[in-house]
Amino acid sequence: MGAAVLVLFSFCVFISPVRSLDNGLALKPTMGWLHWERFMCNIDCDTDPNNCISENLYMQMANIMVTEGWKEAGYEYVCIDDCWPSHQRDAQGRLQADSKRFPSGIKKLADYVHSKGLKLGIYADLGTKTCGGFPGSLGYYDIDAQTFADWGVDLLKFDGCYMKWNLLGEGYTNMSIALNKTGRSIVYSCEWPLYEWPYHQPDYSAIRKACNHWRNSMDVEDSWASVKTILEWTADHQNVIVPVAGPGGWNDPDMLVIGNFGLSHAQQESQMALWAIMASPLLMSNDLRDICPRSKELLQNRHIIAISQDPLGKQGYRTAKVNNFEVWERPLSGGRLALAVMNKYETGGPRGFPLTLATLPSWKICTPQCNVTQVLPSYKELGIQTLLSKLVVAINPSGTALLSIAPLKGDLKNQWLLWKDVSSRNTHNSVL
């Protein structure tokens, strides 16, 4: 094997904060469950009544979120995606649920979810039709916003199918205004940049003023290739998208597919770790009625969730690539640092990654000392370390080691400035 090359990535420190949507919501990344990736547009309740898009599915998920510890872990939204409406609006021009699959209506479903101490999310589309071919909201923004408020909806996922790309900004902004006019607190999840990127770089200042979170890249699929593609897109565009993220507005790399069929357990750990580092909404799309214990334990891991929900509200980013490892870092409250190291090899066994200045310039946070906690792949208190410690973490193929590092002694402010200086340096290569 040739000499390993350490590639450091520059990151532009953001000085002036972008004004966020002023609705007081999503001050931390949203957590919940969303039906789309796992259940898609399954409307065949005659042959598949247990898995079709119906009120029963959401009621069952709400029940399990309470009884199986999901609510206690922080997951609070039960979200309906596409394919819930009737193909026709009612006589007053309002959206209405499919009467066969939602015989009680959305208001009764919202009441049921609220009775469990949870919140209800719903889906609509900016254009003439939803992506699944159901009625869109174009020309009905005020009516639909008020309908959702009257029903007691708590989150709106607003898609962008069947809409001219150059009208996206106007449409997403108008729906944001319409939601705020209702007086109800409704988290606003947009897909504005996703549909603009093929044409030009979106205006993220405008997006953050309108939306609580926003999708940037392709839909996640139940495969490691899909997760890797999203991570690579995020890293490639991090100088654009990371600075705008923070309390009230978050980049959304799409759903957690943990507990489904396409990821090994190490890959599930990688998705969970990196979504926490990226301060992403944690919206699971899986079947909570039938999930393996290891996946459930991972999704409910309080140490990972604490990183996700850290009150500093800073999104992390990729800082280095070395010897087929990727290093991602996120600043945390109290001058701490969350560190994720992903083993990009997909063959062989575990490989060791040394935590030294040679591989990790931000290890300077351990001047004079730091306390290191390994969160993944298993929880370990690695104790007090110094700048000269020889600490090696073992990482499975396509897996990730997630660590929390807290500086000890000295001036925490100086420690943080030192870490920021290292992370903000110009990109360069050096041979180890």
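User: Why is Asp154 called buried or exposed here, and at what relative accessibility?

Analyst: Happy to explain! Asp154 has a relative accessibility of 8%, and buried means under 20% relative accessible area, exposed over 50% and partly exposed in between (1.4 Å probe, protein chains only). Asp154 therefore counts as buried. Please keep in mind that this is a predicted model: local features need pLDDT of at least 70, side-chain atom pairs count only at pLDDT 80 or more, and totals for chains, interfaces and linings use all residues. Residues are numbered from 1 along each chain as its sequence is written, and side-chain values use heavy atoms, with hydrogens and water left out.

User: What makes the contact of Arg184 and Asp154 a salt bridge?

Analyst: The N to O distance is 2.7 Å, and a salt bridge is a side-chain nitrogen of Lys or Arg within 4 Å of a carboxyl oxygen of Asp or Glu. So the pair qualifies. Arg184 itself is partly exposed, at 29%.

User: What makes Lys157 and Glu191 a salt bridge, and which parts does the pair tie together?

Analyst: Their side chains meet at 3.8 Å, N to O. Lys157 lies in strand S5 and Glu191 in the loop between S6 and H7, so the pair ties together parts 34 residues apart in sequence; strands (E, at least two residues) and helices (H or I, at least four) are DSSP runs, numbered from the N terminus. Lys157 is buried at 10%, and Glu191 is buried at 2%. Salt bridges that share partners join both residues with Asp81, Arg215, Asp219 and Asp254 into one network.

User: Why is the pair of Tyr141 and Phe158 called edge-to-face?

Analyst: Rings of Phe, Tyr and Trp (its six-membered ring) pair if their centres lie within 6.5 Å; planes under 30 degrees apart count as stacked, over 60 as edge-to-face and the rest as tilted. Here the centres are 6.0 Å apart and the planes make 75°, so edge-to-face is the right label. Tyr141 lies in helix H5 (residues 141-151) and Phe158 in strand S5 (residues 155-159).

User: How do you know whether Tyr172 and Trp192 are stacked or edge-to-face?

Analyst: Their planes are 5° apart, with 6.0 Å centre to centre, so the pair counts as stacked. Tyr172 is buried at 0%, and Trp192 is buried at 4%.

User: What makes Lys129 sit over the ring of Tyr162?

Analyst: The charged end of Lys129 is 4.5 Å from the ring centre. The criterion asks for NZ of Lys or CZ of Arg within 6 Å of the ring centre and within 35 degrees of the ring normal, so Lys129 is listed as sitting over the ring.
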